[in-house]
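Student: Could you take me through one part of this protein slowly? I would like a close look at one sheet and the pieces around it, and then a sense of the rest of the chain.

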Amino acid sequence: MGDRNAARISVSEMKNYYIYSEWCSWLLSVAEDEIMHQDITPLCAADIQDQLKKRFAYLSGGRGQDGSPVITFPDYPAFSDVPDKEFQNVMTYLTSIPSLQDAGIGFILVIDRRQDKWTSVKASVLRIAASFPANLQLVLVLRPTGFFQRTLSDLAFKFNRDDFKMKVPVIMLSSVPELHGYIDKSQLTEDLGGTLDYCHTRWLCHRTAIESFALMVKQTAQMLQSFGTELAETELPNDVQSTSSVLCAHMEKKDKAKEDMRLALDEGQSILESIREPLVKSPEQSLNQDQLDNQTTVQRLLAQLNETEAAFDEFWAKHQQKLEQCLQLRHFEQDFREVKAALDVLAQKIATFTDVGNSLAHVEHLLKDLTSFEEKSSVAVERARTLSLEGEQLIDNKHYAVDSIRPKCHELQHLCDQFVAEVGQRRGLLHKSLELHGLLEASMKWCDEGIYLLASQPVDKCQSQDGAEAALQEIEKFLETGAENKIQELNKIYQDYEPILTQDLMKHVQKVFQKQESMEEMFHRRQASLKKLAAKQTRPVQPVAPRPEALTKSPCPSPGIRRGSENNSSEGNAVRRGPYRRAKSEMSESRQGRSSSTGDEEESLAILRRHVMNELLDTERVYVEELLCVLEGYAAEMDNPLMTHLISTGLQNKKDVLFGNMEEIYHFHNRIFLRELENYIDCPELVGRCFLERMEEFQIYEKYCQNKPRSESLWRQCSDCPFFQECQKKLDHKLSLDSYLLKPVQRITKYQLLLKEMLKYSKSCEGAEDLQEALSSILGILKAVNDSMHLIAITGYDGNLSDLGKLLMQGSFSVWTDHKKGHSKVKDLARFKPMQRHLFLHEKAVLFCKKREENGEGYEKAPSYSYKQSLNMTAVGITENVKGDVKKFEIWYNAREEVYIIQAPTPEIKAAWVNEIRKVLTSQLQACREASQHRALEQSQSLPLPASSNTSPSKGNTRNIKKLEERKTDPLSLEGYVSSASLTKPPEKGKGWSKTSHPLEAPEDNDGWSSAEELINSSDAEEEGGVGLRKLVPGKYTIVVDDEKGGPDMLAVRSGDMVEVVQEGDDGLWYVRNLTSSKEGWVPASSLSTLLGKSSSAQCLSSSESSTGSALLSNSSSCSESCGAPLADLQG
């Protein structure tokens, strides 16, 4: 326990204290005397910093030939305005800096007055002489350089020499070279023609720092001296609580003293490095004398401070040791009592572990129990060992209570060793039991496999010599494995496992050995029979199953058999090649003994379908778990207040950007889709229905993929954030978060691969159509996702892209332009120089964009598109075929006022675009017709009927009542406004040029279709008041649509040709004369546009026109009005 005297400061410690106190006193004297050398209270640079900054005098560090310090008075126009007090302070401070030895030699003053007047020179010299506080050796004056002032100074100096009253010579110098005769150039600054490196600001900074450091050292020395006295005079308590309080209080003061010393040392080191900085930058330079003195001063203070710190550490160590030893002994005894009680409880519990187990699983369970008990008890054992080590450490540290500590340490070590040995013995017995039960189970498994092998050998194959030899080889190969699995000697088992062999376990060993012997006897009998069969030379005629090779020659091979060759080039299916090869192996084995190839094929396909379904379910479960892991391990942690300090500023409030709608995707798969997939595990061929029922919900992936570029960009900016590293560490993920953020994108593409596989093995099943439809829908979603990724990259479009309707197609093309209103040179250039444009086809418009350079990595490498122009689909038409290139087609606008020749990369892409545009135009035509029909029915009561007919071509043709009714029913149809009478020269019309009579459901792949032929989306139609409302009017017309010659009587015309109408025919054809070539022929009425000002419109017919014509004109106008509104609606 120790007595009271043992807890008090000893005589040796008092000696250490006095030694330490001497060090503190020495340090204090160095700090006070090292910097300043005046007897009076010294000045500090910090006290007169503003006065020193004026730089009317400075100590450059230069020395005279005999080592005299040089003080320079530079040219300072306001020298006479400096107050005497400031001047005296600066002079006193500058003369106190050099060492006492250097100052004793005397100072050299260099007064630069080259730019001043003689009167100022005289005043300066007199002032300096009157108040200079130190010894002077020489005064050098650079007199004014002006001729008049120089002459004046020479005369005045001669006649007024006695006025200076100085005991040292004052030398007037006319130039800087004369100055170099008294002081070496290396000791003069640059303004005096020297090479001495001097910066007044740096000098002032060094002086301030050095003096501040000296003051810090002085304060530190005083603090250390006071603290040492306190420690020496403190009487140590004898109880745990009081000793702890004293120890804590002294530790805090010690730490503060150490921190003060560390700060002082750091400050001194920093000043030393600043003084040596010129040497670091330019090794050939050298420090001047003042800088060397500064360096020596700082080094001396640092050395003294280090020695004082070492003395303090030694003194503190002995004082602290005494306090800690008393406190440690009390704690050691208390811990010993607690640990001994815990070890006694453990010894009682380990004595109850006597069971060795009756099976392999039971032994494993007992081992787990023992391991668990050992893990729980390891805390108490480790604590006992730690306490024993602590006691040994106390003894090694020369604790005063060694006789009390050592016996307790020995007792703790003995109890721990005894417990560990007991646990090791129990574990050894259980491992022996585990080894024996493992051997028994291996033997039983080997016996079961042998029996299965004998049962699975087909009898019919064994009847042949080859079959018997093959079966014999199988048996011999299997028997070779017995060396590792069977029980070799029963007596050796008894001998090796005697410590654990209970009566029940011994009976079990005997039963296993008997089963093993019986099985070996069966193998020997089978061997003998097969050897006899293998010895026969003739092969008996036996019915055998078809060879496996025959199945591959079947005219209708199984999809499973063909799979290997079909998928050699498929990268996506190669990932799953392993499971399906196993499936094929199962399939091949299952049909070797059968005779029906059809049954084999059906069973094989069923096996493959099950494998695909298993892969779909397994990967779906893993996918859901990964999403949950990301949401809980990363997304939720972003809202955890304990993790906020790890989140960087750029990541705050950006959870929605980083994770997108991943939570929505997780809930859909976890709550809905995965559960519904599990319902199809027994009928995998019907799984397509599950996809179709939830196809709408899969649209959430489009939103996720659209946000992915923003998420990727944010990840690249913040991937080094400690938050992500901490979360990854907690989750024990090998991959970083960005790999898991890619999972939804990978998953949506995985579905189409699995559906393809399932469809391949389900072609003759009930759900094949659903699978095909589900596959098409998934591919459609992938296309929509891909298109939307391009769509969000469009820049420069002022409107809202969603107002343009659904995005139908997008792709890159070469584009030529041909505008009627453009300059001729521009038009010629446009014909030969294509533009590279990326087109976006919407339901209501087609956008032309320029693809920009791809920058960055990953999703940031996605291209961007600069918007150039757009065409409203209500004013667009197409020409499907362009001569000379099967990859080209035309998109024209406003009746070919603007023509865009589009060249696709391939004919297939061109066909796809033409078909899609045709669908859009056809749907617009249908909508216009339906709207016009509705309006026409409302106005049908107000339409007048024609009174009579007129067969003259110039006055138009008649309509009968039936035609009028048809016109009322379909006001957009051309037949309603074209005569049914036979023409005087009825030429045959060409094949396939007009499709106005075709139903809207006509096949979309008809190559002859163009918007011009459908009489829709033409600006001319709008100008005439409707689409297709054409009545023959005499006069000249302009061709607005190119039309190739489609028959012997058809006239080939080009856009812009002028024609004159000769006769109106059936089916919307007019017989015209080309005014340029004088050729005549039939052209579609829709290709013509009235020349305003050159021919009369319908509204301007003369009064000689019959009332019938007037009535017909009125009818046409009414229908035009009825059609205008829907067209306007479409255009808007």
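Tutor: Happily; we will start with a sheet and its surroundings, and then visit some other parts of the chain.

Please keep in mind that this is a predicted model. The protein chain has 1132 residues, of which 44% count as buried. It holds 36 helices and 18 strands. Among its contacts with a separation of 6 or more, 73% are between residues 24 or more positions apart.

Now to our sheet. It is an open sheet of 5 strands in the order S1-S2-S3-S4-S5, and the pairing is mixed. S1 and S5 stand at the edges with a single partner strand each, so each has one side without a neighbour in the sheet. On average, and with direction ignored, neighbouring strands here are turned by 25° against each other. As background, strands of a sheet pair through backbone hydrogen bonds, either parallel or antiparallel.

Let us look at the edge with S5. Strand S4 (residues 136–142) and strand S5 run parallel, joined by 4 bridges. Within this pairing, Val141 stands opposite Met172 in S5. Strand S5 covers residues 170–173, and its side chains go two ways: Val170 and Met172 point one way, Ile171 and Leu173 the other. All four of these residues are buried.

A helix also belongs to this picture. H3 lies across S1, S2 and strand S3 (107–112), and it runs at about 155° to S2.

Next, follow the chain to the loop between H2 and S1, where you will find Arg55. Its phi is near 60°, a positive value in a residue other than glycine. That deserves a second look because most residues other than glycine have a negative phi. Arg55 has a relative accessibility of 30%, so it counts as partly exposed.

Phe56 lies in that loop too, between helix H2 (49–53) and strand S1 (58–63). Phe56 is buried, because its relative accessible area is 1%, and the cut-off for buried is under 20%. Phe56 and Phe79 make an edge-to-face aromatic pair, with 6.2 Å from centre to centre and 70° between the planes. This pair links distant parts of the chain: Phe79 sits in the loop between S2 and H3, 23 residues from Phe56. Phe79 is buried as well as Phe56.

How many aromatic pairs does the structure hold? There are 29 of them. In another of these pairs, the ring centres of Phe56 and Tyr76 are 6.1 Å apart and the planes meet at 55°, so this pair is tilted. Tyr76 comes from the loop between strand S2 (69–73) and helix H3 (84–96), and 20 residues separate Tyr76 from Phe56. Elsewhere in the chain, Phe668, Phe673, Phe691, Phe698, Tyr701 and Tyr751 form one aromatic cluster.

With that region in mind, here is another sheet. This open sheet has 8 strands in the order S6-S10-S9-S8-S7-S13-S12-S11, again with mixed pairing. Its edge strands are strand S6 (794–795) and strand S11 (876–879), each pairing on one side only. Inside the sheet, strand S9 (residues 845–851) and strand S10 (residues 865–872) run antiparallel and are joined by 7 bridges. One residue to find there is Val846, whose bridge partner in S10 is Leu871. Helix H31 (residues 768–791) lies across S6, strand S7 (807–819), strand S8 (835–842) and S10, and runs at about 50° to S7.

Finally, a few stops among the helices. Helix H12 (residues 360–396) has 37 residues, so at 1.5 Å a residue it should span 54 Å; its end C-alpha atoms are 50 Å apart, which agrees. H12 bends by about 40° at Ser377. Just after H12, Lys398 takes a positive phi of about 60°. Asn653 also has a positive phi of about 60°, although it is not a glycine. You can find Asn653 in the loop between helix H23 (597–635) and helix H24 (655–659). Asn653 is exposed, because its relative accessible area is 80%.

Our last stop is Gln510, in helix H18 (residues 503–535). Gln510 counts as partly exposed, because its relative accessibility is 34%. Gln510 and Leu490 are 20 residues apart in sequence, and their C-alpha atoms are 8.0 Å apart in space.

Terms used. Residues are numbered from 1 along each chain as its sequence is written. Side-chain values use heavy atoms; hydrogens and water are left out. The expected span of a helix is 1.5 Å times one less than its number of residues. The bend at a residue is the angle between axes fitted to the seven residues ending there and the seven starting there. Two strands pair if DSSP finds at least two bridges between them. Contact means heavy atoms within 4.5 Å. Axes are lines fitted to C-alpha atoms, for helices over the stretch in contact, and angles run from 0 to 180 degrees between N-to-C directions. Buried means under 20% relative accessible area, exposed over 50%, partly exposed in between (1.4 Å probe, protein chains only). Rings of Phe, Tyr and Trp (its six-membered ring) pair if their centres lie within 6.5 Å; planes under 30 degrees apart count as stacked, over 60 as edge-to-face and the rest as tilted.
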